Amino acid sequence: MVTLLPSPFYHIHLASLLSLPILHPSAPRLAAMAQPPTFFDGAHHFRMDRTTIYSIAGNQYQILNVQQDLHHRLNPILDASHTRNRSTSPPDSECFPGTREDVIQEVVIWGDAAAESTLCWETGDKGLYRTSESDDPDDPDDPDYTDYPDYPDYPDYPNYPDDPDYPDDPDDPEYSVHSDDSEEVISRNAEASLVLRTTPHVYWLHGFAGCGKSAVSLKIAKIYSGSGRLLASYFFFRGAGDRSTMRRFAVTLASQLATALPATVPLIEAAVNAEPGLLTSHVSLTTQLDRLILSPFRRVFEQGVLAEILTNGPFLIVIDGLDECEDKRGVEEFIEHILNFFEEHPTIPLRVFITSRVEQHIRNHLETDGVILGNLDSHSADLDIIKFLEASFATVAKKDRVVKAYVRSHGSWPTTSDKRRLVKHINGSFVLASTMFKYIVQPPTKEDPTTPMERLPLTLEMNGLDGLYIQTLAHSQHLPHFRNIISTLTLLLYALPIAEISAILGIEAFEVVRVLLNLQAIIHVPGTDEEGQVTLCHTSLRDFLTTESRSGPLFVPPSFRLYLSYYCFSSLIRDRNVGGGAYSMHFCSHHWRSFAESGDCDFLTEIERFKACQPLLVNGVSYHLFLCSMFFYTFFQTELQVLNKDSCYILTECANQLVLVAESTDPHTRRWLEQHLLFSAQLPRKDGTQFTEHTYKALQHDLQCTSNTIQAHVCFHS
């Protein structure tokens, strides 16, 4: 056995010889760390118009108008709130006028509940009793009247708390704290206790995918924004970059808090100044939540600044689609922290409204005291869906000439029977109702020339959303690049414009457009190639495409991340200043790592399949170049599990691919050798790698061939 150690055994310096371009997420940040220019050197603490210049430790900083500067420093996600452009930043869900009113009313009643706590007696079998008068009606005929029994006498002090013999020594075991306001009395003895009861601060509305949770969240956010009591709103969405993680969650909420309550600005700014790392990933989520949101709000409340606004009720934070967050541990951390905060501060006038599907990591933490559980599935949506369909089809009948002509000849369309069958088939899913409607009334195309009247009965034969997705995707399935385009849209970390998608895949923009135009019932297609993003109308489409048992031949396998990494790498080498360069630079290595770490596919098998299906692109970048770079990158990522069993293969295959790269006459390869080999840094490994002597000799041979070939090219060109 031969052990390759970090030291230069056998005179092999891998890090020097195989000095290839390593794409890493931190690369853009490193490139941006150039030293900024310094103006008015030596001056400090002076103003230029409306800008203040501070000199700190010899460096000059400019502080703009406080609130504007704070928003800039927080760097929030701008398309995460309820005010975002929903057509480009899904989910694009909104309650149809007059629908979901019962659910919304329940949430509003909870959100408007008085912030003051209610105290009541707890006396074992005698039940709970009020300790003071309230706004409850005293007319027995009033439907809201409650027949409360008389208060029980305090066992040993009939005139409590006015009895002169009542103990006032805090050390007395029968001493209790009380005040003139009987609603604030808290006392306890062996037979009776006065307990604090408050409206739960958290409301969790759950339901299946597509039942309308995001639409309800949007409506609630709008209601409380209109009353001036919306503190913040955040709509998670899977596959939407940072909106699918907790990375910028707290800073985004803090930015909205600063706008909603300007009195919190100096408190948030002081927290940021006191701890510069507060806005980085080096600080825990709970610390960010506490310093940037919860503590500033609590301090402003305690200072009495909010007294006038609170006459209408507490403030509200809306969190939609918590299950869309891919950081499950971050979700658990968030829930645990807010529940602990409300337990410590039971009277704080703040509510948190959360919606999500029922997933175990969420359910385990929210099914607890202090949380109201609302099941959207238990609210029948049939009448609301009928209302939506009738109004929507009526609008089409007025605008669509084909439908208008059909109605003149055949009477109303759809018929009452058609609508009844549609509602039964939709089975309470608002996303299915909306998607079906779009599918039925979409304009005819060359691939699908049918009329809305012909499509309606077809939808009744589809198996819910899955059937609708299969039927819709079939319209473009025969077109060139369909699979690559759909798979790329499914696995992108955030949505991109058409032009950037085409740049990554190395195809023309019109080829992307041709595939997407037939899919507008399920995919939002922007009006231009350069502006706006291509987005999935609903997360259920991504779930469908990544579940083989549901999508069958349309399935997007985890191994496609290998190909997506290759496309990103190719776009960087091929078109360094065009289209998808920014995305490719940031996430080429991410997709490779996701593939390498996936437990759903075999690393070596997929690499061999990848090599067998070349060339992937017309005039594409050599796969030898890609594999050589990524194998070298992987060899130095010691935390990757694939290295535990495949490190020898990775090292020897890297050297083998490097020989093929050096011998290639491809112009992209020549450019890579000439421009990139000079600029990459060495990545030292601290451990050693063992392999047989035969493998060592093969490796030594490949490296020597590479060295000779490169030197020959250098001598020839010089």
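Okay, so let's start at Glu454, where a polar atom of the side chain sits 2.9 Å from the backbone nitrogen of Thr451. This is a predicted model, by the way, so take every distance I quote as computed from predicted coordinates. Glu454 itself belongs to helix α15, which covers residues 452-459. Is Glu454 buried, exposed or something in between? The relative accessibility comes out at 43%, so Glu454 counts as partly exposed. And if you look across to Ile440, that residue is 14 places away from Glu454 in sequence, with 8.4 Å between the two C-alpha atoms.

Right, on to the salt bridges. The structure has 21 of them, and I'd like to spend a minute on Arg238. One partner is Glu324, with the closest N and O atoms 3.9 Å apart. Where do these two sit in the chain? Arg238 is in the loop between β9 (230-235) and α6 (249-260), and Glu324 is in the loop between β10 (315-320) and α9 (328-344), so this pair ties together parts that are 86 residues apart in sequence. Glu324 has a relative accessibility of 9%, so we call it buried. Arg238 is buried as well, at 14%, because the cut-off for buried is under 20%.

Now, Arg238 has another partner. Its side chain also meets Asp543 in a salt bridge, 2.6 Å from N to O. Asp543 is in helix α20, residues 539-545, while Arg238 is back in that loop between β9 and α6, so to speak of distant parts of the chain is fair: the two are 305 residues apart. Both Asp543 and Arg238 are buried. Put the shared partners together and you get one network of salt bridges, made up of Arg238, Asp323, Glu324, Arg357 and Asp543.

For a contrast, have a look at Arg247. This one bridges to Asp242, with the closest N and O atoms 2.4 Å apart. Arg247 is exposed, with a relative accessible area of 54%.

Next, Ser356, in strand β11, residues 350-356. How accessible is Ser356? Its relative accessible area is 0%, so Ser356 is buried. Its side chain makes a polar contact of 2.9 Å with the side chain of Trp204. Setting aside neighbours within four places in sequence, Ser356 touches a list of residues that includes Trp204, Leu205, His206 and Gly207, and also Asp323. You'll remember Asp323 from the salt-bridge network.

Last topic, helix packing, with two pairs to show you. Take α18 (residues 498-505) and α22 (residues 560-574): their axes come within 7 Å and cross at roughly 95°. That makes α18 and α22 roughly perpendicular to each other. On the α18 side we have Ala503, Ile504 and Leu505, and they meet Leu564, Tyr567, Cys568, Ser571 and Arg574 of α22. Sort the residues of that contact by type and you find six nonpolar, one polar and one charged.

The other pair is α23 (residues 581-597) with α24 (residues 603-612), whose axes come within 9 Å and cross at roughly 125°. How are α23 and α24 oriented, then? They are oblique to each other. Trp592, Phe595 and Ala596 of α23 make the contact with Phe603, Glu606 and Ile607 of α24. Here the split is five nonpolar, no polar and one charged.

That's my tour, happy to take questions.

Technical notes
Residues are numbered from 1 along each chain as its sequence is written. This is a predicted model: local features need pLDDT of at least 70, side-chain atom pairs count only at pLDDT 80 or more; totals for chains, interfaces and linings use all residues. Side-chain values use heavy atoms; hydrogens and water are left out. Axes are lines fitted to C-alpha atoms, for helices over the stretch in contact, and angles run from 0 to 180 degrees between N-to-C directions. Helices (H or I, at least four residues) and strands (E, at least two) are DSSP runs, numbered from the N terminus. Angles under 35 degrees count as roughly parallel, over 145 as roughly antiparallel, 65 to 115 as roughly perpendicular and the rest as oblique. Contact means heavy atoms within 4.5 Å. Ala, Val, Leu, Ile, Met, Phe, Trp, Tyr, Cys and Pro count as nonpolar, Asp, Glu, Lys and Arg as charged, and the others, Gly among them, as polar. Buried means under 20% relative accessible area, exposed over 50%, partly exposed in between (1.4 Å probe, protein chains only). A polar contact is a pair of N or O atoms within 3.5 Å; within protein, one must be able to donate a hydrogen and the other to accept it, and residues adjacent in sequence count only if both atoms are side-chain atoms. A salt bridge is a side-chain nitrogen of Lys or Arg within 4 Å of a carboxyl oxygen of Asp or Glu.
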